[in-house]
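I sat down with this model to look up how its two chains meet and how one small sheet is put together. Here are my notes, in the order I took them.

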Amino acid sequence: MTAASDRGDSAIRPVSEAAYWYEKVSAGDLSDTDMARFEQWLLEPGNEADYANCALLWNAAEVPEFWTGGPAEVAPAVRRGALSRGYGRWVALAASLVLLVSGALLWPIMSAGDRYQTVVGEQRLVVLADESSVFLNTNTVLEVSYTGKSRRVRLDRGEAIFDVRPDAERPFEVQTGAGTVRVVGTRFALRSMENERVRLAVSEGRVTVSPRDSTRAEPSPVLTAGEILDFNSRGVSSRDSDVDVETLLQWRSGVISFSGEALPAVIREVSRYTSTSIEFRGKDLSGLRVSGIFRVGEVDAFLEGLAAAFPVAVVHAADGGIVITAT
Amino acid sequence: MNPGSDNKTVDYAPVGNPPAAREGEKGFAFRIYMQHRESMLGFFRRVLREPEDVADAMQELYLRLARQPDLESRCQNQKAYLFTVATNLVNDGLRKKYVRSLDLHVSLDHETLEASGPSPEEAESLRQQLRLVQSTCDALSDGERQAFFMHRVNRMTYREVSSELRVSERTVRRWVVQALSRLQDALGSSS
């Protein structure tokens, strides 16, 4: 699905002159004639102030908190350790569950629901009718169906952090291909994994999990803060407690950090954030461990770093994909 | 900041030694700097707000002018030129510490500006304005939001965004301008 098919994208809207000029200057797209026109425009009363507002917004929009609706103490241009500061504030706002749902699982379309989607590399906050919010990570599809009696959402693919408002009358449920997650507390995150496995991580509150095909005799597991659980339709496949869930949620700030993960796994993780295919071929290098930071969107820098640090070669294939081989 | 300077006074002239009296480019740089100083101060104050950052930015602006070899010929449209330099400065230069070039033998001692910065009311007002703007983000079209987000937050180039979204670079730029324009409308109407 391309972005152009979404609402209003083919319409060409009138834009403010200040925005026109700010983008042009930022892109370095100024001929001599443009400079003369820009000069005349700046001389008109009020335009300098409008231009400064555009500068303010252009730089404010670089900070993830601007998009997530977190308390945006915006000091965008001069950042002294701002990234960790901003992240800390977000955590204070929203202890979350992370659910990761892998694979495009086939579902009947939910009726009377709204659908939200991010493309590869995009992250987006969705605020629901009851002021619960869902923060979608790259390449994620979410369907929402609220009724008077229930609050149901479905995570078709991708990864999301749910911040659920308490409502004793209406439990909040997330359906995935592997089963349903029910919230009796506050926030959690979900992620699709391979082989129709779903990973659930709880940062705060209590969550129950009902694998789709589990027998009634088995009680639904209940998770609390600091716990992670993998499940598929048949049941729970692994469970861990005392986990640093917050590190898993760093993607909200556009930053993924690795500390000692195996190289092939790191490459697989990074490739979630780009539609360019990245393949790893060659002898088994899972013994190599990667520590560092990947900033969402900076795949080239990431690959350069890999090639510099490890005995690998990065090759751009004719079809536009990337192949990493051991040297 | 100059240690021991009196931060309670407003000082609109550079203190300390005048720049090395070398005619030609540096003299010209100094002249246009002084001529447009008010405008540039206004710009940096709106974007950066903290006096120390504003002072840093003014200093860096001057240094960029003084370092430009053929400044007079580039500077046919002075205001436009200065705003272009200032834009590039805020867009990418300010995260790094400024390195004052010692080669220039220019001593434009650090600007001393009124050190009080924005008042608590002003800071709160800006926060509220920005919150209103944030809610506009949801009203952007998908293309506008995605293009602007990827270009600003993920620091993707226009070419990278166009290949991810599978549209032309021209369309990406149009979306970016439209997004900025709508956010600016929201900011303008709240002030």
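**Entry 1: the interface**

I started with the area buried between chain B and chain A, which is about 6,300 Å²; carbon and sulfur atoms give 54% of that. Buried area here is the accessible area (1.4 Å probe) that two parts lose on being put together, summed over both.

A note on ground rules: this is a predicted model, where local features need pLDDT of at least 70 and side-chain atom pairs count only at pLDDT 80 or more, while totals for chains, interfaces and linings use all residues. Residues are numbered from 1 along each chain as its sequence is written, chains are lettered from A and ligands numbered from 1 in the order in which they are written, and side-chain values use heavy atoms, with hydrogens and water left out.

Next I looked up contacts (heavy atoms within 4.5 Å): 64 residues of chain B are in contact with 73 residues of chain A.

**Entry 2: salt bridges**

I then asked how many salt bridges cross the interface of chain B and chain A. The rule (a side-chain nitrogen of Lys or Arg within 4 Å of a carboxyl oxygen of Asp or Glu) finds 4 there. One salt bridge that I looked up pairs B:Lys79 with A:Glu48, their closest N and O atoms being 2.5 Å apart. Another links the side chains of B:Arg173 and A:Glu23 at 2.8 Å, N to O. B:Arg173 lies in helix α9 of chain B and A:Glu23 in helix α1 (residues 17–26) of chain A, so this pair joins two chains. Helices (H or I, at least four residues) and strands (E, at least two) are DSSP runs, numbered from the N terminus.

**Entry 3: the small sheet**

Over in chain A, I found an open sheet of 3 strands in the order β16-β19-β18, with mixed pairing. Two strands pair if DSSP finds at least two bridges between them. β16 (278–281) and β18 (312–316) of chain A stand at the edges with a single partner strand each, so one side of each has no neighbour in the sheet.

I followed β18(A) to β19 (residues 322–326) of chain A: the two run antiparallel and are joined by 5 bridges. Which residue is the bridge partner of A:His316 in β19(A)? I found A:Ile322.

Last, I checked what packs on the sheet. Helix α8 (residues 299–309) of chain A does, touching β16, β18 and β19 of chain A. Its direction makes about 145° with that of β18(A), with axes fitted to C-alpha atoms, for helices over the stretch in contact, and angles running from 0 to 180 degrees between N-to-C directions.
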